[in-house]
Amino acid sequence: MSPREPRRLLVIEDESHIAAGLKLNLSLEGFAVDVAATAREAGQYLARPHGYAAIVLDVMLPDLDGFEFCQRLRESGNFTPVIMLTARRAPEDRVRGLEAGADDYLVKPFELSELLARVRSLLRRRQWENADESRAPASPAQLEFGRVRVDFDSHRVTVGDRSVELTRLELDLLRYFADHPGRVLERKELLEKVWRLRDCANTRTVDNFVLRLRKHFEPDPSAPVHFLSVRGSGYRFCPVPSPA
Ligand code: CA
């Protein structure tokens, strides 16, 4: 994301007057705001390549509850900060929300000023976590290995003459591999640098995404030559396969 673009938030809320109030007030704070009234619609927004700085998620949605939504989001490898909204005061809901992967929790009715403060604090926290990364040198915009050609600026990816659609996170992971060819990358490092998570134990996410890259790009995904497992450590990207 370019620093000139306003930070983008996704509000997932089916009560239209609350959604409109949130959109207005967050826009006045300088955010670009998309509003989804259902989990399904939210999924469509989240499939777009631009990504979100944070998500405001109502627990009571018509098609899926917010806990389930958040859990699926995390399982898909998306770790955008989530603030959950609920009318329920039950403390077990708070625990459930946090267990589902939410970062913060607000009980309805809430003061807008409190929501704004929570959003800002969440973004500050994430910005602090990302500080190391923003000092990293810019990486090349193109990558070629085997029959694969990647243009990171235009998101154009081809294998031979077949074009491949990658999700934003798949592309981010591929880019991180491309920036560190031949180096053993630990799962923990990948979670920090690609998913921007510190102290996260959910390393299965990394494994699932590496499997996806292999499926896209390995001539034989069951016998990888580019995205190699390093036993007990993590993964190594080899643009040029080493002779067996
Ligand atoms: Ca609702």
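Start by selecting Asp14 in this predicted model. Asp14 is partly exposed, with a relative accessible area of 32%. It sits in the loop between β1 (8–12) and α1 (16–28).

**The calcium site**

Keep Asp14 on screen and add the calcium ion, Asp58 and Met60. These three residues are the ion's protein donors: Asp14 and Asp58 each through OD, and Met60 through O, at 2.1 to 2.3 Å. Along the chain, the donors follow the spacing D-x43-D-x1-M. Asp14 and Met60 link distant parts of the chain, being 46 residues apart, with Met60 in the loop between β3 (54–58) and α3 (66–75). Is Met60 buried, exposed or partly exposed? Its relative accessibility is 49%, and because buried means under 20% and exposed over 50%, Met60 counts as partly exposed.

**The three-stranded sheet**

Next, select residues 184–186, 227–230 and 234–237. The first two stretches are β10 and β11, and the third is β12. Together they make an open sheet in the order β10-β12-β11, with antiparallel pairing. β10 and β11 stand at the edges with a single partner strand each, so one side of each has no neighbour in the sheet. Look at the twist as well: neighbouring strands are turned by 35 degrees against each other on average, direction ignored.

Now zoom in on the β10 side. β10 and β12 pair over three bridges in the antiparallel sense. Show Leu185 with its bridge partner Tyr235 in β12, then Glu186, which stands opposite Gly234.

Move over to β11, which pairs with β12 over four bridges, again in the antiparallel sense. Here Val230 has Gly234 as its bridge partner. β11 and β12 form a hairpin with three residues between them. Pick Gly232 in that turn to find a positive phi of about 75 degrees.

**Helices across the sheet**

Add residues 168–179, helix α6, which lies across β10, β11 and β12 and runs at about 70 degrees to β12. Then add residues 204–217, helix α8. This helix lies across β11 and β12, running at about 145 degrees to β11.

**Two nonpolar cores**

Switch on side chains for Leu173, Leu174, Phe177, Leu190, Trp195, Phe217 and Phe227. In the largest nonpolar core, which has 31 residues, these touch the most other members. Elements supplying at least two residues each include β6 (142–145), β7 (148–151), β8 (156–159) and α7 (187–193), along with α6, α8 and β12. Which element gives the most to this core? That is α6, with seven residues.

Centre the view on Phe217 for a closer look. Leaving aside residues up to four places away in sequence, Phe217 touches Phe145, Val148, Val157, Val159, Leu166, Leu174, His226 and Phe227.

Then select Ile12, Tyr45, Leu46 and Ile55. They are among the members of a second, separate core of 22 residues. In soluble globular proteins, nonpolar side chains tend to be buried together.

**Last stop: cysteines**

Finish by selecting Cys70 and Cys238. Cys70 is buried, with a relative accessible area of 0%, and Cys238 counts as buried at 7%. How many disulfides does a search of the whole structure find? The search finds zero.

Conventions
Residues are numbered from 1 along each chain as its sequence is written. This is a predicted model: local features need pLDDT of at least 70, side-chain atom pairs count only at pLDDT 80 or more; totals for chains, interfaces and linings use all residues. Side-chain values use heavy atoms; hydrogens and water are left out. Two strands pair if DSSP finds at least two bridges between them. Axes are lines fitted to C-alpha atoms, for helices over the stretch in contact, and angles run from 0 to 180 degrees between N-to-C directions. Contact means heavy atoms within 4.5 Å. Donors are N, O and S atoms within 2.8 Å of the metal (3.2 Å for Na, K and Ca); water is not among the atoms, so sites may look incomplete. Buried means under 20% relative accessible area, exposed over 50%, partly exposed in between (1.4 Å probe, protein chains only). A disulfide is a pair of cysteine sulfur atoms within 2.5 Å. A nonpolar core is a set of buried Ala, Val, Leu, Ile, Met, Phe, Trp, Tyr and Cys residues joined through side-chain atoms within 4.5 Å.
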